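Subject: Structure handover

Dear colleague,

Here is the structure I said I would pass on. Please look through it first; my notes on what was found come after it.

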Amino acid sequence: MTEAVSAPTQENQATPAKAQTNVEFANCDCCGLTEECTPTYIDKVRQRYQGKWICGLFAEAIKDEIIRTERLISTEEAMVRHMNFCRKFVSS
Ligand SMILES: [Zn+2]
């Protein structure tokens with residue numbers, strides 16, 4: 001009964017300090033906010049919003065705009081609407 005359970009050394013599991021979380025700064029097309037995002041995420045947002053990058057706050061606002069509008073509007077239209085609203089807000 002000498003079944004030595006030699007557990008593999010767990011120490012190798014420690015992730016090196018240099019993880020592969022390379023992030024880029026994305027600039028919101030609406031309010032100019034800069035967010036740190038992974039390139040994958042940036043790409044996903046750009047695809048959804050006709051090549052523009054918008055911050056999470058703005059994305060929510062666009063969703064809201066679509067819901068609030070009685071008729072069906074496209075994401076692009078909602079984006080333009082909200083961007084106009086945002087610009088008025090920022091440029092004061
Ligand atoms: Zn924004």
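The helices and strands named below are DSSP runs, numbered from the N terminus, with at least four residues for a helix and at least two for a strand. On that basis the order of elements from the N terminus on is β-β-α-α-α, that is, two strands and three helices. Please keep in mind that this is a predicted model.

Some overall figures come first. The protein has 92 residues, and 12% of them count as buried. Among contacts with a separation of 6 or more, 41% join residues that are 24 or more positions apart.

The strands

β1 (24-27) and β2 (34-37) are joined by a loop that contains L33. The two strands pair in the antiparallel sense, over four bridges. In this pairing A26 is placed opposite E35 of β2. Together the strands make a hairpin with six residues between them, and G32 in the turn has a positive phi of about 80 degrees.

L33 has 14 C-beta neighbours inside 10 Å, so it counts as partly exposed. Beyond its neighbours within four places in sequence, L33 is in contact with C28 and C55. The C-alpha atom of L33 is also 10.0 Å from that of G56, a residue 23 positions away along the chain.

Helix α1 and the loop after it

How many of the 10 residues of α1 are buried? The number is one, so this helix, residues 39-48, lies largely in the open. The loop between α1 and α2 holds Q50. Q50 is not a glycine, yet its phi is positive, at about 50 degrees. With 11 C-beta neighbours inside 10 Å, Q50 is exposed, because the cut-off for that class is 12 or fewer.

Helix α2

The 13 residues of α2 should span 18 Å at 1.5 Å a residue, and the end C-alpha atoms are 18 Å apart, which agrees. Which residues of α2 are buried? They are F58, A61 and I62. Seen down the helix axis, the buried residues of α2 fall within an arc of 100 degrees, so they line one face of the helix. An α-helix has 3.6 residues a turn, so residues three or four places apart point the same way. On the other side of α2 the exposed residues are G56, E60, K63, D64 and I67.

The core

The largest nonpolar core has nine residues: C30, V45, I54, C55, F58, A61, I62, A78 and M79. Two elements, α2 (56-68) and α3 (75-90), each give two or more residues to this core. The largest share, three residues, comes from α2.

I62 belongs to this core and is one of the buried residues of α2. Which residues is I62 in contact with, leaving aside its neighbours within four places in sequence? They are T75, A78, M79 and H82. Two of these contacts, A78 and M79, are themselves listed in the core.

If you read only part of this, start with the buried face of α2 and then the core to which α2 gives its three residues.

Regards

Note on methods:
Residues numbered from 1 in each chain as written. Predicted model: local features only at pLDDT ≥ 70, side-chain atom pairs only at ≥ 80, totals over all residues. Core = buried A, V, L, I, M, F, W, Y, C linked by C-beta atoms within 7 Å. Buried ≥ 20, exposed ≤ 12 C-beta atoms within 10 Å, placed from the backbone. Contact = placed C-beta atoms within 7 Å. Pairing = 2+ DSSP bridges. Expected span 1.5 Å × (residues − 1). Arc of directions from axis to C-beta.
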